[in-house]
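Please look first at the chain as a whole, and then follow the strands and helices in the order in which they are taken up below.

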Amino acid sequence: MTQAEKGEAENGKDKERDREREQRGAKRPIVPAAVPESLQEQIQSNFIVVIHPGSATLRLGRATDTLPVGIPHVIARRQRQPGQAACRDSWLLRDGLNKPESTEQRQNGLKMVDQAIWSKKMSNGARRIPVSPDQARSYNRQMRPAILDHSSGAKWTNTSNHPEFLVGEEALYVNPLDSYNIHWPIRRGQLNLHTGPGGSLTAVLADLEVIWSHAIQKYLEIPLKDLKYYRCILLIPDIYNKQHVKELVNMILMKMGFSGIVVHQESVCATFGSGLSSACIVDVGDQKTSVCCVEDGVSHRNTRLCLAYGGSDVSRCFYWLMQRAGFPYRDCQLTNKLDCLLLQHLKETFCHLDQDISGLQDHEFQIRHPDSPALLYQFRLGDEKLQAPMALFYPATFGIVGQKMTTLQHRSQGDPEDPHDEQYLLATQSKQEQSAKATADRKSMSKPGTYEGDLRGQATDISERVYPQEVELGSSQSDCMISGNDSEEPLSAHMSRKTAISQFEGKALGLDKAILHSIDCCASDDTKKKMYSSILVVGGGLMFHKAQEFLQHRILNKMPPSFRRVVENVEVITRPKDMDPRLIAWKGGAVLACLDTTQELWIYQREWQRFGVRMLRERAAFVW
């Protein structure tokens, strides 16, 4: 028998042995199918879900999807004991609006807005003629709605089966007479923790898990039992709360069951989504506005600040201005979810930042509420359409009193599960390094302020020492931020720095001033020049006609003269590659999924089980 014949005979015997094993129930090892290299990335990206949780909208989709699914980030939960007073989180209303000083502050803000409108000439060189609300009021007050149809066509969500929860649009259209609590789990970019029902960390995380799981099943058509084959990219704010991020990662890996996760900051993802290597990212959302400078995929922490106002504040301000002009829909209530939707729609339809549009104009809008006829209202508006969005530059116009309006990145308070954090590094620093740093801090505190009267000196000092971790919008933790080597300082310096920080954070900076401040905190003049020539506006809060030209004009007028001479062109980008600015950060998350370097960033379920939050310090693409 030749060698070849022997080989064939042995192969035949092996096959017979395999068949016998199969009949006995013994399993053969599974050989993975050979996948052509060109398809590997495609298959991998198809099994990655990108989640971008916003205050008003949740956006999620597979990394291979052209566009994400967007749903209202809200849940309605059935009350355990019907008959109790329903607990409904407000949308357009917020704390600090009904203080005695609110009206005066609003009026003062409006005066500044009117002055700014008058001082800027129209493109033909003429001054704009202001329109008094009295001119529109007499016309609007006599307007009565026309009935278009005796049935509006809109319906309340069907709750006859008493579902435990409803998510997104269904939650917004729950009949107020039904026994459901309404929760928005994220407010002003952070978890919506409060003392009322559903305001604990456990309850908020449970709401997020239900909303995200429901959206993945319904819109992405992925059964929850299959999530073990999928990985997740989670977008978080630039000023993040470490404890909250840890809990979210734990929920995604251990409760929802994803096999791996990458956590990245919204601003860096926005640069990926727009194709820019460096930019000053201005993210104007529904509830908050965040500004920070990103260079080559790194968000400079000294430049990060978050302003506690956004698109919903513009909507509420627009409603106040329309009321002054005799808004004909007199039953409008800020406590009614459907009226809030209407006001958001009116703002998006009518508001603009075009100085050339002046005088009174006629407008109309429809109201289609469930159990009501479809109504058509006609009314006139003048400067209100320009004044409302300008409140972003003069936030006193929002009338918010006694609230923390600006948040900086602060030092972490430490985590017992993460022993090698910055507290550890401070404790192990040599005495020499500590005293040198304390001396440098004291020197920077003694510098006179030069930016906007007093901001620059304070803020530069703050930004040199702040560490990643946001002190929440409440004041309960405000005295936890001084720690480590700060105890070496005299008490007077310690207190004056705390006062400087609290004064800065108490100020409501206008959007243009916040951008200038953020760029001013960059380390070098070269970086500052780079940022002035690439200001990227994302999010849905500044999608007004001529917003790009308006913001560009204000930055040019207010930037330091030394830079005005050396920066070739100040460029504000509002629609890179003609993309919807609301989707850019999500798109960046999808791009991140396809990068080779991302392979090093994945945190897997088994690793998280074993090492916990230490994995974020090891694998996060930003300084944890």
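In this predicted model, a good place to begin is strand β2 (residues 57-62), which pairs with β3 in the antiparallel sense over 4 bridges; two strands are said to pair if DSSP finds at least two bridges between them, and the elements themselves are DSSP runs numbered from the N terminus, helices being H or I over at least four residues and strands E over at least two. Within this pair, Arg59 has Gly70 in β3 as its bridge partner, and the two strands β2 and β3 form a hairpin with 6 residues between them.

Before going further, it helps to know how the values were obtained. Residues are numbered from 1 along each chain as its sequence is written, and side-chain values use heavy atoms, with hydrogens and water left out. Because the model is predicted, local features need pLDDT of at least 70 and side-chain atom pairs count only at pLDDT 80 or more, while totals for chains, interfaces and linings use all residues.

The hairpin belongs to an open sheet of 6 strands with mixed pairing, in the order β3-β2-β1-β10-β11-β21. At its edges stand β3 (69-72) and β21 (603-604), each with a single partner strand, so one side of each is left without a neighbour in the sheet. Further inside this order, strand β10 (residues 231-236) and strand β11 (residues 260-265) run parallel and are joined by 6 bridges, with Ile236 standing opposite Gln265 in β11. Helix α8 (residues 266-274) lies across β1 (48-53), β10 and β11, and runs at about 90° to β11; here axes are lines fitted to C-alpha atoms, for helices over the stretch in contact, and angles run from 0 to 180 degrees between N-to-C directions.

A second open sheet has 3 strands in the order β5-β17-β16, and its pairing is antiparallel. Its edges are β5 (146-149) and β16 (361-367), each of which has a single partner strand, so one side of each is left without a neighbour in the sheet. From one strand to the next, the twist averages 30°. Strand β17 (residues 374-381) pairs with β16 in the antiparallel sense over 7 bridges, and Phe365 has Tyr377 in β17 as its bridge partner. Helix α4 (residues 133-141) packs on this sheet, touching β16 and β17, and its direction makes about 155° with that of β17; contact means heavy atoms within 4.5 Å.

The helices can be followed in the same way. Two packed helices are described by the angle between their axes and the distance between the axes. Helix α3 (residues 102-119) and helix α9 (residues 311-324) pack at an angle of about 85°, with their axes 13 Å apart, which makes α3 roughly perpendicular to α9; angles under 35 degrees count as roughly parallel, over 145 as roughly antiparallel, 65 to 115 as roughly perpendicular and the rest as oblique. In this contact, Arg106, Gln107 and Leu110 in α3 meet Trp320, Leu321 and Arg324 in α9.

Helix α16 (residues 511-520) takes part in two such packings, described in turn. Its axis and that of helix α17 (residues 525-532) come within 9 Å and cross at roughly 150°, which makes α16 roughly antiparallel to α17. Here Leu516, Ile519 and Asp520 in α16 meet Lys528, Met531 and Tyr532 in α17. With helix α18 (residues 547-558), α16 packs at an angle of about 55°, and the axes are 10 Å apart; α16 and α18 are therefore oblique to each other. In this second contact, Asp512, Lys513, Ile515 and Leu516 in α16 meet Leu551, Arg554, Ile555 and Lys558 in α18.

Finally, the confidence of the prediction deserves attention. The protein averages a pLDDT of 84, and 83% of the residues score at least 70, pLDDT being the predictor's confidence in each residue, from 0 to 100. Over residues 22-43 pLDDT stays under 50, and the model has 7 contacts beyond four places in sequence for them. Over residues 444-489 pLDDT also stays under 50, and for these the model has 114 contacts beyond four places in sequence.
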